[in-house]
Amino acid sequence: MADDIRGWSDELARDPSSLVFLQLGEALRRQGQIEIALKIALRGLDRHPQCAEAHDLIARIAVDRRDFPRAIEEWESVLSLEPDHIGAMKGLGYICFQQGRFDDAERFLSRAAAGGGGADVSNALEMVRRSSGNTTVWLPDSTPAVDPQRIFADLLLDDGQTALLLDANGYVLGGLYLDSLGDDVSQDIGAQLSGISDEVERSMRHLDIGNWRSIIFETQAAVVGMAPTIDDSLVVVAASRSTPLGLLRRVMDRCVERATGWLQTGRRS
Amino acid sequence: MTPFRPMLEALTRQRGVRASLIVSENDGLVVDSSLRFDQDGDRVAALAASMYRKARLSARAARLGAVAFLQLDAERGRVCAVGGRSDLVIVVVADPAANVGLIRVELFKALESLE
Amino acid sequence: MNIATVEPWVEAPLRRFVDDARARLALLLHPSGQVVAQAGFTREVDVMTACALAAASHATSGELGKRVDGHAFRSLHYTGPDRQLFLSPVNTARGAYICLTVFNGESSLGLVRMYFEELCHDLAAAAPPLPAAPRPTIAADFELDLNRNLAALFGREPAAT
């Protein structure tokens, strides 16, 4: 990734009108270098004001900066340039959901789903409908997942969210953690993060505040939640830095519920 | 009185907050604290610093970047901590019903003044 | 972690302490330098040396404290690039001991001090009463005790005297 960034930076230095700013800005955003990503995206937009992808990039950066009005403005610009832009519809659906405007969120996500938005849009739509109390709509992929890697798939709101179920030794029981390149790093992440729960267990014995229910931490790149479940197992949920902690908690609670049921089913069978 | 005291007292005045402390992450020792009754500052400092450090090291190993805010929820209380570039971590112990969103905002404000 | 004790009542509290505090090494000794228990050491020569140096260091800081503060300093903490040590006395019904704890970045001084307080409490609770009339310690007895203790810790026959 560092080599890619260097290559794109060099190319942009050689040719400031190159569209490579889109890849460079997105890579920097994913690395958490939000302000630099914004500068590059704005400079690119100056040269390509009719480029829908440039507006889309700025909108995503705005979400990372919690600047939701700017994100809405940019995604609306995207739709005025490309009315079928699925990313913009998905983004607007996401912001509407964050703001509790479930009907608007459903409208945008339905349009995205109809335009071929894929499984993550359908999952998001399902969550919006569940949150708004409208759960009667049939969704093609709403059947419970049985593949251990997909036990949380229908509970996650977007591509940036990921969940793992770890056993007491830090081994992965279910779920999937993909890095920004799409590689499965579940085992590595699980092993690294499971050590935190050991530390928490130790602290609980001495802090006199009862058993622990969850731990949440914000990093440069993500927000991460961990919660214990039965059999000394652990649920880990991670989402993009822009995800509100309240939403992360809700997703985590649902994943714990799912994991508990899944583990109990495993006990019975 | 250390220069941190007014900041810690402001944190402890938040509803539901039982203790606020500035601790050294590496040593787990109290730099300064504002405690309500029945709070063992040394114990909280050692354990909270240890948890924060573990989260920071684990997140770094998992390539998630530096940890800023940490919140531990338990049956009878909450522990929140923020850290920045220095070795110092600000820790708050609060009731389960405390407004953790507000505590988080105040902790980040306090961190700014610390750095 | 490998733990060996001369006095069995020490083992459980010491094991809990090294586990909780994530200590790399721990040594419980008499102020005279005689070993009572060790955790994490693999060679008896290291134990003998560490006991002698810990006892000397404790005596030195105690005396220094008396000179500059009117009271013996209780605890000592040294930091190195990778490891740190904490040296502090423990009082029980069996008398005073010294505990040397070595730890690294997996632990912290705060944690070691916190768990050390629990160790003091646990040892005080576990210590059986002192025998009615202890013998006076003489140099020959000390050498005999030392050999017997090292034999107990490392599982070899006591050296002939």
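# A tour from chain B to the sheet and helix pairs

Select chain B: from its N terminus on, the elements run α-β-β-α-β-β-β-α. The model in the viewer is predicted. Chain B comprises 3 helices and 5 strands. Colour the chain by burial, and 54% of its 115 residues are buried. If contacts are drawn between residues of chain B at least 6 apart in sequence, 49% of them join residues at least 24 apart.

**First stop: the start of the chain B strands**

Select strand S1 (residues 17–24) of chain B together with S2(B), and an antiparallel pairing over 5 bridges is displayed. Pick B:Ser20 within this pair; its bridge partner in S2(B) is B:Ser34.

**Second stop: the whole sheet**

Now display the strands of chains A and B together. They belong to an open sheet of 10 strands with antiparallel pairing, in the order S2(A)-S1(A)-S5(A)-S4(A)-S3(A)-S3(B)-S4(B)-S5(B)-S1(B)-S2(B). Which strands stand at the edges? They are strand S2 (172–176) of chain A and strand S2 (30–35) of chain B; each has a single partner strand, so one side of each is left without a neighbour in the sheet. On average, and with direction ignored, neighbouring strands of this sheet are turned by 10 degrees against each other.

**Third stop: where the two chains join in the sheet**

Move to the step in the strand order that passes from S3(A) to S3(B). Here S3(A) and strand S3 (residues 67–74) of chain B pair in the antiparallel sense, and 7 bridges connect them. Two positions are worth labelling. A:Ser214 stands opposite B:Asp73 in S3(B), and A:Ile216 has B:Gln71 as its bridge partner in S3(B).

Keep A:Ile216 selected and turn to S4(A), where its bridge partner is A:Gly225. A:Ile216 thus links to a partner in S3(B) and to another in S4(A). The pairing of S3(A) with S4(A) is antiparallel as well, over 4 bridges, and the two strands form a hairpin with 2 residues between them. How many of the 8 residues of S3(A) are buried? The count is 7, and the strand is mostly covered.

**Fourth stop: the full contact between chains A and B**

Widen the selection to every residue of the contact between the two chains: 27 residues come from chain A and 25 residues from chain B. On the side of chain A that touches chain B, the elements giving two or more residues are helix H9 (186–207), strand S3 (212–219) and strand S4 (222–228) of chain A. Which element gives the most to this side? It is H9(A), with 11 residues. Coloured by class, this side of chain A shows 14 nonpolar, 10 polar and 3 charged residues.

**Fifth stop: chain B against chain C**

Next, select the contact of chain B with chain C, in which 10 residues of chain B meet 5 residues of chain C. The side of chain B that touches chain C divides into 4 nonpolar, 3 polar and 3 charged residues.

**Sixth stop: a helix pair in chain C**

Within chain C, select helix H1 (residues 11–21) and helix H3 (residues 109–126); their axes come within 9 Å and cross at roughly 170 degrees. H1(C) and H3(C) are therefore roughly antiparallel to each other. To show the contact, display C:Pro13, C:Arg16, C:Phe17, C:Asp20 and C:Ala21 of H1(C), then C:Leu111, C:Val112, C:Tyr115, C:Leu119, C:Asp122, C:Leu123 and C:Ala126 of H3(C). By class these residues are 9 nonpolar and 3 charged, with no polar residue.

**Last stop: a helix pair in chain A**

Return to chain A and select helix H4 (residues 52–64) with helix H5 (residues 68–81). The two pack at an angle of about 160 degrees, and their axes are 8 Å apart. That angle makes H4(A) roughly antiparallel to H5(A), and the crossing of the pair is left-handed. H4(A) contributes A:Ala52, A:His55, A:Asp56, A:Ile58, A:Ala59, A:Ala62 and A:Val63 to the contact. From H5(A), display A:Phe68, A:Arg70, A:Ala71, A:Glu74, A:Trp75, A:Ser77, A:Val78 and A:Leu81. The contact of H4(A) with H5(A) has 10 nonpolar, 2 polar and 3 charged residues.

Methods. Residues numbered from 1 in each chain as written. Chains lettered and ligands numbered in written order. Predicted model: local features only at pLDDT ≥ 70, side-chain atom pairs only at ≥ 80, totals over all residues. Contact = placed C-beta atoms within 7 Å. Nonpolar A, V, L, I, M, F, W, Y, C, P; charged D, E, K, R; others polar. Pairing = 2+ DSSP bridges. Buried ≥ 20, exposed ≤ 12 C-beta atoms within 10 Å, placed from the backbone. Axes fitted to C-alpha atoms, helices over the stretch in contact; angles between N-to-C directions. Parallel < 35°, antiparallel > 145°, perpendicular 65-115°, else oblique. Left-handed = near helix turned anticlockwise from the far one by under 90°.
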